[in-house]
Amino acid sequence: MKVGFLGPFGTYTHQAAYECFQDSITYCEKTTIADTIESLETLDYAVVPRENSIFGSVVETFDGLRSLKEGFILGEIVLKIQHCLVIKKGAKLADIDCVMSHEQALGQCRKFIAEHLSSAATFKTTSTAAAAEAVSRSKTLNVAAICSKICTTMFGNLELVEEGIQDEDFNYTRFFVLGRNSLIKPPSYPTYPTRALIRVTMRTTAADSETSFDLTEFLKILNLSVIRIDRRPAPLSITFRDMYFLELQSTSKEDLWPKKVEQSVSRIRDNGFLAESIGLW
Ligand SMILES: O=C(O)C(=O)Cc1ccccc1
C-alpha cells in the first residue's frame with residue numbers, strides 16, 4: 001500500500017500521515033497539494049491539510065477537491081502545530097531579508113514576522129519542509145524558514161532561532177485522509193462514521209444563468225446538521241457560480257448515517273442541484 005503526502009519528508013502533512021499509517025505503508029512525497037490529490041490515480045491513499053485554527057481553510061485543498069473524481073475522504077487527523085524560525089548556521093537574525101514557508105505557516109506567524117522580521121520579504125514555498133530544504137541549500141545567509149522542529153535535524157546546516165512562533169499558542173491543523181475509492185479503508189476507520197463532506201453547485205443552463213444559489217432553501221432540503229461550509233468558484237463556471245463544500249455531522253452514533261447522507265444527496269439532486277458525497281468517516 002502507498003500513501004501520497006505533501007512533501008518533502010518533514011512536513012506537518014507527513015507527521016499527520018504517519019499518525020494514521022505508522023510503519024504499515026510506503027510514503028510517497030508529492031510536491032504540491034494538487035499533485036498529492038492527483039496521486040490517488042496511482043496510489044491507495046493521500047493526506048492533505050484541510051484547515052487551521054488560526055488561518056482557516058486550505059484553499060489549494062478545496063481547489064483540488066473541486067475536480068476530485070476517484071478519491072474519497074475517509075478520515076481526519078488533527079495535529080497541534082508549533083512553528084519554528086530556522087536559519088542557516090552562522091547567519092544572524094538581523095541579516096535576514098527573506099522568510100520562506102508554506103502560505104499557511106506564513107499566515108499563522110504574521111505577528112512574529114511583523115515584530116521580528118518587519119523588513120524581510122515573505123516568499124511562499126510549496127511546503128514548510130521545502131522552505132527548510134531551500135535554506136539548508138542556500139549559498140547565502142540572508143534567508144530563513146518557518147517549519148517544524150524536526151526539519152532542523154533532517155536538513156543540514158540549520159539552526160533553530162525560536163520555537164512556538166505562531167500567533168496563538170492554540171494552533172491546530174486538521175488533515176483529510178483520502179482513499180482512492182470509498183471501499184478501501186484506512187486503519188482505525190470507525191465502525192459507525194459520523195461525518196460526511198458533500199460538494200454541491202446549482203445546475204447551470206443558459207436560461208437560469210442569473211439565478212443565484214439560495215443557501216436557506218438548500219439547507220432546508222438538505223435537512224442534516226452542517227458544521228462547516230467552504231466555498232470556491234465552480235470549475236469552468238459562469239461568473240460567480242460557486243461550488244459549496246458542506247461538512248456534515250451525525251447527531252447520534254448510528255449505522256443509518258451513510259443512508260441518511262445518500263438520501264439527502266438524492267433529495268438535493270431532485271431539486272435541481274449538482275450534488276455528490278465525497279467523504280464519509
Ligand atoms: O507545509 C507543510 O508542512 C504542510 O503540511 C502544510 C501545513 C503548513 C502549515 C501548517 C499546517 C500544515
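A residue counts as near a molecule if its C-beta atom, placed from the backbone, lies within 6 Å of it. Keep that in mind for the ligand view below, and remember that this is a predicted model.

**View 1. The shell around the ligand.** Here we look at the 14 residues that surround the ligand. The closest are Thr 11, Thr 13, His 102, Ser 127 and Thr 128. Which elements each supply at least two residues of this shell? They are α1 (12–21), β3 (45–52), α4 (103–108) and α6 (128–137). By class, the shell has six nonpolar residues, eight polar ones and no charged ones. Domain 1 (2–80 + 171–179) and domain 2 (84–163) each give at least three residues to the shell.

**View 2. Helix α6, mostly covered.** Stay with α6 for a moment: seven of its ten residues are buried. The buried ones are Thr 128, Ala 129, Ala 130, Ala 131, Ala 132, Glu 133 and Val 135. We have already met Thr 128 among the residues closest to the ligand.

**View 3. Val 86 and its neighbours.** Val 86 sits in strand β6 (residues 84–88). Is Val 86 buried or exposed? It has 30 other C-beta atoms within 10 Å, so it counts as buried. Leaving out residues up to four places away in sequence, Val 86 touches Ala 132 and Val 135, and also Ala 144, Ala 145, Cys 147, Cys 151, Thr 152, Leu 158, Glu 159, Leu 160 and Val 161. Ala 132 and Val 135 are among the buried residues of α6. Then there's Ile 146, which is 60 residues from Val 86 along the chain, yet their C-alpha atoms are separated by 6.3 Å.

**View 4. Where domain 1 touches domain 3.** The domain assignment splits the protein chain into domain 1 (2–80 + 171–179), domain 2 (84–163) and domain 3 (195–280). The centres of domain 1 and domain 3, taken over C-alpha atoms, are 23 Å apart. Nine residues of domain 1 are in contact with nine residues of domain 3. On the domain 1 side, α3 (59–66) and β5 (72–80) are the elements that give two or more residues. The biggest contributor there is α3, with four residues. That side of domain 1 has five nonpolar, two polar and two charged residues.

**View 5. Some backbone oddities.** Most residues other than glycine have a negative phi, and most peptide bonds are trans. Now for some exceptions. The peptide bond from Gly 7 to Pro 8 is cis, with omega near 0 degrees, and Pro 8 lies in the loop between β1 (2–6) and α1. Ser 188 is not a glycine, but its phi is positive, near 60 degrees. Look for Ser 188 in the loop between β11 (172–179) and β12 (195–202), where it is exposed, with 10 other C-beta atoms within 10 Å. Asn 223 isn't a glycine either, and it has a positive phi of about 55 degrees. Asn 223 is in the loop between α8 (215–222) and β13 (226–233), and it counts as exposed, with 11 C-beta neighbours inside 10 Å.

**View 6. The annotated stretch.** An unreviewed UniProt entry carries the annotation "domain: Prephenate dehydratase" for residues 2–180. In the model, residues 2–180 are 28% helix and 34% strand. The end C-alpha atoms of this stretch are 11 Å apart.

Technical notes:
Residues are numbered from 1 along each chain as its sequence is written. This is a predicted model: local features need pLDDT of at least 70, side-chain atom pairs count only at pLDDT 80 or more; totals for chains, interfaces and linings use all residues. Ala, Val, Leu, Ile, Met, Phe, Trp, Tyr, Cys and Pro count as nonpolar, Asp, Glu, Lys and Arg as charged, and the others, Gly among them, as polar. Domain bounds come from an automatic or database domain assignment. A residue is buried if 20 or more other C-beta atoms lie within 10 Å of its own, exposed if 12 or fewer, and partly exposed in between; C-beta atoms are placed from the backbone. Two residues are in contact if their C-beta atoms, placed from the backbone, lie within 7 Å. UniProt positions are given in the numbering used here, feature names are shortened, and annotations may be inferred rather than shown by experiment.
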